[in-house]
Amino acid sequence: MSERSFLDGSLAQLTMVRYREFFREPEAVFWVFIFPVLLAAGLGLAFRHRPPDVLKVGVVARGAAGDSVRTAIARDRALAPELLSDSAAALALRTGRVALLVVPLSGGAVEYRFDQTRPEGRTARLVVDDAVQRAAGRRDPVTVGERQVQEPGARYIDFLIPGLLGLNLMSSGIWGIGFGIVEARRKKLLKRLVATPMRRWEYLLSFLLSRLTLLVIEVIVLLGFGRFVFGVPLRGPLWVLAGVCLLSALAFSAIGLLISSRVKTMEAASGLMNLVMLPMWILSGVFFSAQNFPGAIQPVIRALPLTAAIDALRSNMLQGSGAQALGGEMIVLSVWLVAGFFLALRLFRWR
């Protein structure tokens, strides 16, 4: 077998089998190629021309004082004040129906009640206080101006597309490869391959090689959609972007091989894959910045392969970073690729 050429060898044949298995499953094609585009379209349209948020504010109804405070707050179009009784106001704040509760006090004073852990509560406190102070006659000593801009690269859709691409690379790598091996083991197909001269590394490597062609389609479809529909920028070198996608896809594929190396049932495989992917869904900054999490766990977050992939994609696409600036992320992905593949090679069982 070692004397045969690559095109006639078992590795090439196994790789072609991977392609055929994938495209015979309409569900796999949908989740890998179509679902990320639909998700990007939905979120992109939702946040592309989003009007300014109107903050709902509760004002405790206490005679003329409550009416006066409500009138002052209503002058700001970013605020939607509502007069409420004491009990209704407390309930509205507790259930999150209002971001801030304003309580008129004696002598024209007011008290603000809000949950400081809610960003909209802190924002409402500043905006409401500005409206109340202006209504009481406050004047700014410095004249200021403002100009609102929306520059490609700073919008939510620009932040989102690299996150969705990283998420898709992880999902298709782990789910697609892991389920393929477990399904073959469940159907006793792997047991039959033991009698062939095929080597274990050839079988596992065929899964990684099959990802290469699919990877090109995945990346072109999602990035092309983001570029031509929403104008998402691609500021960095394209060869660096391709290298990040390739290394990320192989790293996640190696993790999929490792997870499925000994699993015998689809239920067990699904549980293990969710156990591995769910923390990265939450922690790695797909839909919001990973910097929102406490500093104590940031080293753990930075060591996750999805975090490294998304950070590298965003840095290249939005900031124009080259290969040298992405050295840390590439090292993290390389470690996951090498460790995952060789551990899978040692742990893999045909039965």
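Tyr156 and Phe159 sit 3 residues apart in helix H6 (residues 156-186), or about one turn of the helix. In this predicted model, the search of the whole structure turns up 4 aromatic pairs. One of them is Tyr156 with Phe159: the ring centres are 6.3 Å apart and the planes meet at 25°, under the 30 degrees cut-off, so the pair counts as stacked. Neither ring is fully tucked away, as Tyr156 is partly exposed at 26% relative accessible area and Phe159 is partly exposed at 22%.

Another of these pairs is Phe288 with Phe293. Here the ring centres are 6.0 Å apart and the planes are at 40°, so this pair goes down as tilted. Phe288 is partly exposed too, with a relative accessible area of 38%.

Back at Phe159, there is also a charged neighbour to look at: Arg314 lies over the face of the Phe159 ring, 3.5 Å from the ring centre.

Turning to the strands, S1 (residues 55-60) and S2 (residues 79-84) run parallel and are joined by 6 bridges. Within that pairing, Leu55 stands opposite Leu79 of S2. Helix H3 (residues 63-74) completes the picture, making a right-handed β-α-β unit together with S1 and S2.

Then there is helix H9 (residues 238-259), with 22 residues. From first C-alpha to last, H9 reaches 32 Å, close to the 32 Å expected at 1.5 Å a residue. H9 is also mostly covered, with 16 of its 22 residues buried.

Methods. Residues are numbered from 1 along each chain as its sequence is written. This is a predicted model: local features need pLDDT of at least 70, side-chain atom pairs count only at pLDDT 80 or more; totals for chains, interfaces and linings use all residues. Side-chain values use heavy atoms; hydrogens and water are left out. Two strands pair if DSSP finds at least two bridges between them. Helices (H or I, at least four residues) and strands (E, at least two) are DSSP runs, numbered from the N terminus. A crossover is right-handed if, with the strands pointing away from the viewer, the path from the first strand over the helix to the second runs clockwise. The expected span of a helix is 1.5 Å times one less than its number of residues. Buried means under 20% relative accessible area, exposed over 50%, partly exposed in between (1.4 Å probe, protein chains only). Rings of Phe, Tyr and Trp (its six-membered ring) pair if their centres lie within 6.5 Å; planes under 30 degrees apart count as stacked, over 60 as edge-to-face and the rest as tilted. A charge sits over a ring if NZ of Lys or CZ of Arg is within 6 Å of the ring centre and within 35 degrees of the ring normal.
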